[in-house]
Amino acid sequence: MKIAFVGCGFVFDIYMRTIWAHDELDVRGVFDIDGDRQAVVCKHYGYYGFASFDELLNDPNVDIVINLTNIRSHYEVTKRALEAGKHVYSEKPLTTEVDQSRELFALAAEKGLVFTGAPSNVFSDSVSTMWKAIRDGAIGKPVLVHAELDDNPVHLVHAEGITSPTGAPWPLVEELQEGCTFEHVGYHLVWICAMFGPATHVTAFSKALIDHKTDLPLDPADTPDYSVACLNFANGMAARVTCSFVAPRDHRMRIIGEEGELTGDSYRHYQSPVFLERFSAVSLSARKAFTVREQPLLGRRFGVGGQRVPLLRSWKSHAVEAEDGSKLSLKQRLVSYLRRKQIYSQDKMLGVAEMVRAMKEGHPQPLSPEFLMHVNELTLLIQRAGPTGIATSPTTTFESLQPLPEVANARIDYRASYRPRPLERALAGAMAALHRK
């Protein structure tokens, strides 16, 4: 399938990190309104540079347009691409208004085209593993999600100097003007809603807490840098999602059930370890001790924090385990290795790959239009909740999704394979005796 990129900024290089693993995708070319930036990218990656967006849209060899423009341009660029008869994969959020998203999905349906988009972490090995464990009943009935998306105090991390391998600056101004919620909350909403269905009610709050984050001019300068949302789901689940550019980095995913808990360190690491804990009197009581809480290795002997479970590997798992063909310097290769192992490892092309796989196999898209509109609306509601907060019901909903077949049909059974640790088993009888009169 032949694809073309619109927008060659910082995120473009992140997409390029895993393009080597997607030989089913043929990059026809790129376009950026910044001609100098486009020229740098074309020289580095050896891609054809379109002279204009119109040239790209008129190229009969382009099947899919990948929209990596800034958020305010998503609607216009996607609409023009659909009108030109191109399938579209867009970065998140799809648009800045739910009615715009609804219009674009209707346009795509009218023309028999596919319109879908990011984020792709819903297909990651970590999320797939958690989803399968839920279906296996590993934690009993799931009742609560805690999702953190604190991304460091941005005013202290000298973000002005961060650049991509081809020299694109990290879009600090856009990140701050759009806000942490608009930019990031979708990473959590996508897996939460995929697993547990549509939210029926939202209670949210957002506020700007840090007055001065950069010397660069911002318009507006008071976009919320903190938000928290509580979501109620039709199946009885509840979730709390927190975003900020204020608190130290914390990207944890926690799913608490009636019988246990699943945890992952980061949505942003597609092979982040997943831990399963089946609650016991020993593990729950051990948490009361300060030393156990402060010494995770000790705590795990009592079952606290659970056990690391084997990850489900997808057909594209190898994409995040190396970075080939990117023309990186020795220094950049070292940084890339450390980043993949210690910080994050994403395959942003995975969403495009799943889009194309469904098209080729004649299956519905794994993320339905209704699902994507719901995530889009929740993002907007949380972003715009304001310091006085909101309590409202979304206008969108969707039919519950199913995991990819290779996830649903994986042979491993996470509940059946769980075994308490020896010390936890040994202390179980003692704990029971202590609680008897």
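Me: What makes arginine 415 and glutamate 259 a salt bridge?
Reply: Happy to explain! Their closest N and O atoms are 3.0 Å apart, and a salt bridge is a side-chain nitrogen of Lys or Arg within 4 Å of a carboxyl oxygen of Asp or Glu, so the pair qualifies. This is a predicted model, in which local features need pLDDT of at least 70 and side-chain atom pairs count only at pLDDT 80 or more, while totals for chains, interfaces and linings use all residues. Residues are numbered from 1 along each chain as its sequence is written, and side-chain values use heavy atoms, leaving out hydrogens and water.

Me: Why is arginine 415 called partly exposed?
Reply: Its relative accessible area is 35%. Buried means under 20% relative accessible area, exposed over 50%, and partly exposed in between (1.4 Å probe, protein chains only), so arginine 415 falls in the middle class. Glutamate 259, at 30%, counts as partly exposed too.

Me: Which residues are linked with Arg415 in a network of salt bridges?
Reply: Glu259 and Arg278 join Arg415 there.

Me: How do you know that aspartate 151 and arginine 268 form a salt bridge?
Reply: The closest N and O atoms of aspartate 151 and arginine 268 lie 3.2 Å apart, which is within the 4 Å limit.

Me: Why do aspartate 151 and arginine 268 count as buried?
Reply: Aspartate 151 has 17% relative accessibility and arginine 268 has 15%; the limit is under 20%, so both are buried.

Me: What makes aspartate 13 buried?
Reply: Its relative accessible area is 2%, so aspartate 13 meets the cut-off. The side chain of aspartate 13 meets that of arginine 37 in a salt bridge (3.5 Å, N to O).
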